[in-house]
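Have a look at the model below. The tour starts with one strand pairing and then works outward to a helix, the domains and the chain contact.

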Amino acid sequence: MTNAQSPEACDVVVVGAGPAGSAAALALARRGHSVVMVERGPFAGSKNVYGGVVYARVLDDVIPNWWEQVPVQRWVVRRSTMVMTGSQAVSVDVRTQAWGQPPYNGMTVYRADFDAWLAEHAVAAGAKLLTSTLATGLLWDRSGRVTGVRTDRPGGDLPAKVVIACDGVNSFLAKEVGLLPRADAAHHTLGVKEVLALPADVIEERFGLMPDEGLDVEVIGCTREIPGGGFLYTNRDTVSIGVVVSLTALSRSGMRPEELIAGFKSHPAVAPWLRGAVLKEYSAHLIPEGGYDAMPDLATDGFLVAGDAAGMTLAAGVWLEGVNFAMGAGLAAGRTAADALAAGDVSAAGLSGYRKSLESNFVLQDHKRFREAPKLVLSDRMQRQYNHLICDVAEQMFTVTNPAPKPGLLKLLARSARRNRVHFRDLIRDGIETIRVFR
Amino acid sequence: MTPAGEEWADLSFDDRMRTVEFRVGARAHIVVDSDVCRSCTTRECVTACPANLFAPTSDGGILFNYEQCFECGTCYMVCNSAGAIEWTYPDGGYGVVFRRG
């Protein structure tokens with residue numbers, strides 16, 4: 001049964017050198033285990049796209065003062081949430097200088113830089129990184145235990161006692177094990193993004209920022225009634241802008257993804273920000289947005305799954321986070337594998353500490369708490385009616401109709417609700433539901 | 001939402017795709033069974049693929065190319081007939097390279 005465990009077998013193969021994979025490899029290498037990271041891109045981060053902000057608090061214990069060396073674009077000191085219709089926009093704009101100084105809060109990055117930086121830490125700790133190497137499948141023993149990975153390198157089998165799949169949203173390894181369905185459009189969104197060049201001082205003037213300071217804007221109502229949202233964030237000398245939309249609704253809409261971005265960019269609240277900007281890179285990526293209830297089992301015999309491969313992106317309304325969840329899960333997977341190797345039991349039971357560890361920290365606690373948020377946020381009324389309601393009420397509040405006196409707020413709300421065909425009972429029900437889901 | 005503004009209209013799809021680095025491998029990592037596609041009336045892949053790699057042909061089939069693929073997985077996820085699109089990753093080192101993802 002152990003013919004796959006050749007003498008050169010390493011303790012752990014980590015598939016994917018994204019934030020989950022590098023965090024797992026780092027944790028294992030620090031515990032003295034032999035780890036090989038397999039990355040199909042020419043460098044870590046080359047296949048990866050994200051939509052806004054990396055929150056790296058979870059690295060505090062692992063890379064002390066990481067902010068002094070991380071390849072940051074800008075530190076986010078302004079976080080806006082914008083609700084829009086075709087010709088209106090209402091923003092809640094949060095700014096605090098606390099986020100612009102150590103230990104910082106969120107940052108914008110290029111994934112090609114950030115992921116490569118984290119992978120370098122794993123390598124410095126002793127992990128081996130094989131780039132330009134595709135994991136084509138798993139090695140199994142006769143009892144159905146995972147014993148390594150196959151790769152497309154010459155002589156490419158990599159036997160290992162544990163495989164940690166951090167191979168991203170399409171995880172073919174988790175599919176091979178049977179943890180994920182072949183295709184699952186209902187629980188995925190498509191993100192498309194443009195990175196647009198503007199001089200750093202122009203970005204700072206337009207967005208009210210000092211050098212090194214950044215802005216992140218999350219937007220609802222900018223996707224032409226396709227459930228989803230938009231985002232815009234500042235890098236040093238580029239602005240990244242994109243939309244994230246339901247896969248099933250997009251494919252039925254007849255609307256092309258680049259048309260959605262073009263529409264968002266031409267919105268009167270957005271277009272002046274981007275005047276004269278030049279497209280530097282267009283990108284697209286799937287996002288697993290099913291949340292807690294769509295997550296697969298996280299461990300089988302000799303096998304763990306972390307990050308997007310396990311559907312760990314949090315898309316809970318105003319909170320949109322993924323890289324931090326991937327790093328948190330990767331660290332836990334690496335530590336669990338180290339414990340299991342020390343105990344000499346890498347069976348599913350021996351690896352069950354992984355889930356317990358995630359349940360005891362933010363990864364599964366946040367997901368569990370907001371498990372019903374994805375559905376609520378993408379619901380029809382939230383997406384197509386409430387943006388109009390909010391914008392209309394705000395507009396009417398500040399429209400001076402002299403000599404007519406100001407109408408009361410309740411009257412404004414009733415009038416806007418009527419105009420947008422929103423029933424009060426739905427509004428009340430959704431309000432209670434929102435409080436329940438986000439409590 | 002207002003229609004796409006004049007300011008952006010000059011950016012053709014080809015220009016858009018020219019901003020992306022692709023290291024094209026010899027093996028096609030997407031294979032489409034055009035016989036299955038002929039009976040498909042919805043053509044989700046044609047609408048949703050962000051790289052616009054799928055085009056309907058006059059005889060009811062689907063023409064596709066794999067060279068400028070973002071490797072996102074949208075096509076096989078939205079395809080309503082299992083088996084029409086066989087999708088894998090390109091070989092190691094090939095495919096899309098994002099610099100500012």
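Start with A:Val13, whose bridge partner in β2(A) is A:Val36. Keep in mind that this is a predicted model. The two strands behind that pair are β1 (residues 10-15) and β2 of chain A, which run parallel and are joined by 4 bridges. To get from β1(A) to β2(A), the chain passes through helix α1 (residues 19-30) of chain A, and this β-α-β crossover is right-handed.

β2(A) has another partner too: strand β7 (residues 128-130) of chain A pairs with β2(A) over 3 bridges, again in the parallel sense. There, A:Val36 sits opposite A:Lys128. Here are the two pairings of β2(A) together:

| Strand paired with β2(A) | Sense | Bridges | Residue facing A:Val36 |
|---|---|---|---|
| β1(A), residues 10-15 | parallel | 4 bridges | A:Val13 |
| β7(A), residues 128-130 | parallel | 3 bridges | A:Lys128 |

Which way do the side chains of β2(A) (residues 35-38) point? A:Val35 and A:Met37 go one way, A:Val36 and A:Val38 go the other, and all of them are buried. That fits the general pattern: in a regular strand the side chains alternate between the two faces of the sheet.

Now for a helix. α8 of chain A runs over residues 323-343, and its end C-alpha atoms are 30 Å apart. At 1.5 Å a residue, its 21 residues should span 30 Å, so the two values agree. Of those 21 residues, 17 are buried, so α8(A) is largely enclosed by the rest of the structure. Just after α8(A), A:Gly344 takes a positive phi of about 70 degrees.

Stepping back, the domain assignment splits chain A into domain 1 (10-73 + 109-180 + 296-371), domain 2 (186-288) and domain 3 (379-437). Taken over C-alpha atoms, the centres of domain 1 and domain 2 of chain A are 28 Å apart. Their contact uses 12 residues from domain 1 of chain A and 16 residues from domain 2 of chain A. On the domain 1 side, that comes to 5 nonpolar, 6 polar and 1 charged residues.

Finally, how many residues does each chain put into the contact between chains A and B? Chain A gives 52 residues and chain B gives 36 residues. On the chain B side, α1 (6-9), α2 (13-18), α4 (44-48), α5 (74-78) and β6 (95-97) each supply at least two residues. α5(B) gives the most, with 4 residues. By class, the chain B side has 20 nonpolar, 9 polar and 7 charged residues.

Technical notes:
Residues numbered from 1 in each chain as written. Chains lettered and ligands numbered in written order. Predicted model: local features only at pLDDT ≥ 70, side-chain atom pairs only at ≥ 80, totals over all residues. Contact = placed C-beta atoms within 7 Å. Nonpolar A, V, L, I, M, F, W, Y, C, P; charged D, E, K, R; others polar. Domains from an automatic or database assignment. Buried ≥ 20, exposed ≤ 12 C-beta atoms within 10 Å, placed from the backbone. Pairing = 2+ DSSP bridges. Right-handed = clockwise from strand over helix to strand, strands pointing away. Expected span 1.5 Å × (residues − 1).
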